[in-house]
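Biologist: Please take a close look at one buried spot in this model and work outward from there. I'd like the packing around it, then the ligand site, then how the chains compare with a simple globule.

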Amino acid sequence: MSERNLVRPYGDQMDDGAVQLSFTLPVEFGPLAREAAKKFCEKLGFYEVTIATMEDLSEGYTFFVVYGKTDVAVDLSSIKVIAPKVQRLPREKIDELVLQKLKRPIVVVGATIGTDAHTIGLDSILNMKGFHGDYGLERYKAFKVYNLGAQVPPIELVKKVREVGADVVLVSQVVTQRNIHIQHLTELMELLYAENLRDKLLVIVGGPRITHELALELGYDAGFGSGTTPSEVANFIVQELLKKRGL
Amino acid sequence: MGRPTIRLDSKLVEYARSLAKKITDDVQKIIDEHSTVSTERATLRLLGVDGVVGEDRIPLVNVVLDKLKEWNMLDQGAFKPVVNAAIVLDKDVQQICEAIADGLDLRTLPQPKRQVYETFSKKLVEEALARIKRKSEERDALLQQLGDPPKPYKYLIVATGNIYEDVVQARAAVFQGADIIAVIRSTAQSLLDYVPYGATTEGYGGTYATQENFRIMRQALDEAARKVGRYIRQVNYASGLCMPEIAVMAALEGLDILLNDAMYGILFRDINMLRTFTDQYISRLICAYANITINTGEDNYLTTADAIEKAHTVTASQLINEQFALKAGLKPQLMGLGHAFEINPNVEDSLLYEIAHAMLSRELFPDCPVKYMPPTRYMTGNIFKGYAMNTLFNLVSSMTGQSIQLLGILTEAIHTPYMHDRYLALVNANYVFSAARHLGDEILFKPDGFIEKRANEVLRKAVELLEHISDVGLFSAIEQGIFADIKRSREGGKGLEGVFKKSEAYENPIRSALEHELGVRR
Ligand code: B12
């Protein structure tokens with residue numbers, strides 16, 4: 001990659017900048033709508049804008065599929081990827097490391113908090129069975145897992161954290177409409193601070209719309225998105241926790 | 001339009017039904033001994049009680065129920081004490097409830113003569129039932145006038161959180177070809193032990209089900225229906241802690257379909273079993289009387305359990321839902337039993353499995369408006385692949401003669417549908433349904449071929465499961481995690497505190513009248 005730092009989208013010729021877009025405008029189907037869509041795309045920085053199709057959604061709405069070209073390029077060397085850093089150790093190695101250094105399993109409490117009822121994502125990280133052939137945390141000797149399931153009020157989660165002396169909190173948030181997940185995650189973090197628990201814990205959030213960047217912004221230690229495997233999470237936990245405990 | 005057939009082992013079908021009947025007979029005995037706060041609130045609503053109290057806008061029916069509980073009067077039901085008060089104070093039921101909210105204490109009131117009470121309540125019950133009947137006749141007349149679209153009906157969801165925005169999205173969908181509009185409920189409404197009030201503009205993942213929101217959407221859909229010259233059905237959810245009340249509101253506002261499953265709340269919302277079983281019964285009595293089609297939620301099982309391995313749990317649950325529905329007087333024509341196209345697309349011959357499962361549902365329930373759900377679990381951010389999956393889903397539906405088709409949305413894995421997502425779903429379905437209109441007439445499945453064998457295999461496994469449930473009882477079976485791999489305990493879950501055992505003095509003349517009218521009086 002080092003020889004090509006400047007990149008733009010690729011259609012069928014290097015640097016042609018070809019992009020495909022689709023969107024709806026609240027404009028009556030007709031020539032005015034077409035021009036409006038074209039202008040809109042030009043404002044976005046596209047040229048050679050082709051309205052491949054425009055379709056009447058009725059009652060003053062029109063749908064467009066558009067192709068355009070752009071000169072905009074990004075410099076790869078200027079980009080910093082914000083992602084949890086993990087070194088990949090196999091399961092046996094992790095188990096060994098934890099039992100040797102911490103001399104007990106890491107206590108993990110997991111829950112989907114607030115009004116969110118989606119458990120499959122969190123379960124695939126925690127349950128024995130795991131995700132796509134990658135075993136879940138319960139399968140490791142290195143972890144003692146408490147999975148509280150869905151719709152857990154943050155206050156209940158905090159109670160459990162105290163009760164079992166958790167080292168790690170794993171929360172899942174799947175529903176993101178109107179930023180409800182931000183509300184839930186903020187509430188939990190504030191509670192953890194208020195209860196003086198934050199500093200001792202590793203607090204991790206996951207879900208299909210969660211990014212590491214967002215997680216850091218909200219004061220979490222890491223965020224994991226779509227397609228996360230349990231072993232990534234296991235590795236991250238062990239490396240970060242041992243560091244945190246000075247081991 | 002015809003549909004192909006497959007041969008199912010008819011002895012096995014009969015046996016499966018008899019097992020499901022026994023399972024539900026056992027539960028019904030327990031249901032009949034109980035009532036719930038939501039049942040009693042539904043009864044008050046049928047008597048015309050409406051409105052909210054105070055700054056917190058607590059529904060009046062909740063305030064009254066809380067008082068009755070405080071006075072230890074609940075085990076006789078809400079009907080009698082409230083109606084008694086109306087007689088002795090010479091007020092209507094709404095006024096009595098408002099007076100209770102203002103401090104009227106029913107314990108201090110004298111009793112009217114039994115004769116007077118009976119005449120008066122008979123009149124109230126007749127009025128309540130007549131109100132429902134009138135609404136349902138009104139709907140029927142409009143259906144006759146505008147005409148019924150061909151099946152499968154194209155069912156689309158709106159879920160903006162704002163009822164007025166929902167109306168915009170729903171009308172557009174109707175003009176693009178939708179036959180059925182469902183307003184998805186806001187996240188976690190099912191766990192509220194009251195029904196919110198008035199028009200709402202703030203919801204998460206959906207819009208609150210309120211009577212006023214029902215009315216607003218009904219009016220918008222009827223207007224759009226007249227424009228397109230096609231009857232449009234309206235859907236909401238009678239699930240969660242307020243099943244009976246939502247059913248009443250839907251009946252009063254003329255909704256056509258309610259999501260209503262005998263076990264969904266237990267499994268997917270962790271609502272107490274006894275609460276759910278009791279509530280589903282009353283809500284289904286109301287649906288049956290109001291001519292509202294129910295849609296059951298078997299599709300959900302396949303979002304947590306594997307669709308091939310656990311296909312028989314769908315069948316077993318359909319049979320249980322059917323028997324519970326019969327007990328509440330629902331005719332097959334009103335039972336929209338559910339199933340889904342949720343097999344992992346990476347499985348070779350997944351299409352054959354899907355056709356086999358779809359044929360099984362069709363063949364087992366030939367008179368039911370079976371509801372077919374689209375791929376959701378294996379939908380990903382690759383919207384183009386997802387669109388292809390939805391095309392196959394539409395083809396299977398059309399070919400096997402399904403009745404209600406919840407259209408798949410290409411952005412399923414990303415967000416609740418945008419206006420053009422719905423449009424593209426309709427483009428797909430309109431194309432496939434037209435292109436394959438008479439395909440079903442031409443198809444003969446190979447006798448003892450893969451499809452026929454697979455359908456019978458699923459049925460056989462369903463029977464084994466029903467045998468087990470029949471042995472241990474439905475409560476224990478759910479405790480063992482038989483459905484959707486989810487375990488729920490008998491004493492656990494939300495809403496158990498809202499269930500009570502009926503005392504000797506319990507009366508609910510509306511419930512009795514419904515049972516009588518529907519011919520299910522025990
Ligand atoms: C299955 C499902 C359900 C099931 C859930 C069953 C269950 N027990 O979980 C049921 C039917 C109950 C359901 C209900 C609803 N759902 Co739903 N559901 C889905 C569906 C189809 C699949 C989700 C899934 O299981 N994916 C598979 C898992 C493995 O993936 P995942 O969650 O991304 O998890 C991975 C990573 O994100 C990560 N991860 C996840 N959590 C965590 C946690 C940690 C700590 C870590 C490290 C990693 C991690 O690791 C996992 C493995 O890689 C999606 C659509 C889709 N195809 O995505 C909609 C979807 C998520 N649901 C949605 C909605 C809106 C709802 C409802 C609100 C609808 C309603 N109004 O009733 C209700 C929610 C009720 C509630 N109170 O929350 C929307 C969310 C939209 C949004 N962005 O806000 C979606 C996207 C569908 C849609 N387009 O509308 N749903």
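Modeller: Let's start with Cys97(B), keeping in mind that this is a predicted model. Cys97(B) has 0% relative accessibility, so it counts as buried. Does it have a partner, and if not, why not? The closest cysteine sulfur belongs to Cys242(B) and sits 17 Å from the sulfur of Cys97(B), which is too far for a bond. A disulfide would need the two sulfur atoms within 2.5 Å. Going through every chain with that rule gives 0 disulfides. Over in chain A, Cys41(A) also comes out buried, again at 0% relative accessibility.

Now for the packing in chain B. Take helix 3, residues 60-70, first: Leu60(B), Val61(B), Asn62(B), Val63(B), Val64(B), Leu65(B) and Leu68(B) are buried there. Which elements cover them? The cover includes helix 2 (37-46), strand 2 (52-53) and strand 3 (58-59), along with helix 4 (79-89), helix 5 (93-101) and helix 9 (243-253), all of chain B. After helix 3 of chain B comes Asn72(B), which has a positive phi, near 55 degrees.

Helix 4 of chain B, one of the elements over helix 3, is itself mostly covered, with 9 of its 11 residues buried. The buried set is Phe79(B), Lys80(B), Pro81(B), Val82(B), Val83(B), Asn84(B), Ala85(B), Ala86(B) and Ile87(B). Note that a lysine, Lys80(B), is in that buried set. What lies over these residues includes helix 2, helix 3 and helix 5, plus helix 6 (114-146) and helix 20 (509-518) of chain B. Helix 3 and helix 4 of chain B therefore each appear in the cover of the other's buried residues. As with helix 3, a positive phi turns up just after helix 4 of chain B: Asp90(B) takes about 55 degrees.

Another buried residue worth a look is Asn394(B), found in helix 15 (residues 383-400) of chain B. Its relative accessible area is 2%, so Asn394(B) is buried. What does its side chain do in there? The side chain of Asn394(B) makes a polar contact of 3.0 Å with the side chain of Asn428(B). Leaving out residues up to four places away in sequence, Asn394(B) touches Gln405(B), Leu407(B), Asn428(B), Ala429(B), Val432(B) and Phe433(B). That means Asn428(B) appears in the list of neighbours as well as in the polar contact.

On to the ligand. Which chains line it? Residues from both A and B surround the ligand, so the site is shared between chains. There are 45 residues around the ligand, and Ala117(A), His118(A), Thr119(A), Thr376(B) and Glu412(B) come nearest. By class, that shell has 17 nonpolar, 23 polar and 5 charged residues. Looking at polar atoms, a backbone N or O atom of Ile120(A) is 3.3 Å from one of the ligand's oxygen atoms. From chain B, a polar backbone atom of Glu412(B) lies 2.5 Å from a nitrogen atom of the ligand, and a polar backbone atom of His415(B) lies 2.7 Å from a ligand nitrogen. The elements giving two or more residues to the shell are helix 3 (120-126) and strand 8 (168-172) of chain A, together with helix 12 (301-304) of chain B. Helix 3 of chain A gives the most, with 5 residues.

Last, the two chains as wholes. Chain B has 20 helices and 13 strands, and 64% of its 522 residues count as buried. Its radius of gyration is 23 Å, which agrees with the value near 24 Å for a compact globule of 522 residues. The C-alpha trace of chain B spans about 75 × 55 × 40 Å along its principal axes. Among contacts in chain B with a separation of 6 or more, 78% join residues 24 or more positions apart.

Chain A has 7 helices and 10 strands, and 43% of its 247 residues count as buried. How does chain A compare with a compact globule of 247 residues? The globule would have a radius of gyration near 18 Å, but chain A has 23 Å. Along the principal axes, its C-alpha atoms fill a box of roughly 70 × 50 × 35 Å. Residues 24 or more positions apart make up 66% of the chain A contacts with a separation of 6 or more.

How values were computed
Residues are numbered from 1 along each chain as its sequence is written. Chains are lettered from A and ligands numbered from 1 in the order in which they are written. This is a predicted model: local features need pLDDT of at least 70, side-chain atom pairs count only at pLDDT 80 or more; totals for chains, interfaces and linings use all residues. Side-chain values use heavy atoms; hydrogens and water are left out. Buried means under 20% relative accessible area, exposed over 50%, partly exposed in between (1.4 Å probe, protein chains only). A residue is near a molecule or strand if one of its heavy atoms lies within 4 Å of it. A polar contact is a pair of N or O atoms within 3.5 Å; within protein, one must be able to donate a hydrogen and the other to accept it, and residues adjacent in sequence count only if both atoms are side-chain atoms. Helices (H or I, at least four residues) and strands (E, at least two) are DSSP runs, numbered from the N terminus. Ala, Val, Leu, Ile, Met, Phe, Trp, Tyr, Cys and Pro count as nonpolar, Asp, Glu, Lys and Arg as charged, and the others, Gly among them, as polar. The radius of gyration is taken over C-alpha atoms; the globule rule is 2.2 Å times the number of residues to the power 0.38. Contact means heavy atoms within 4.5 Å.
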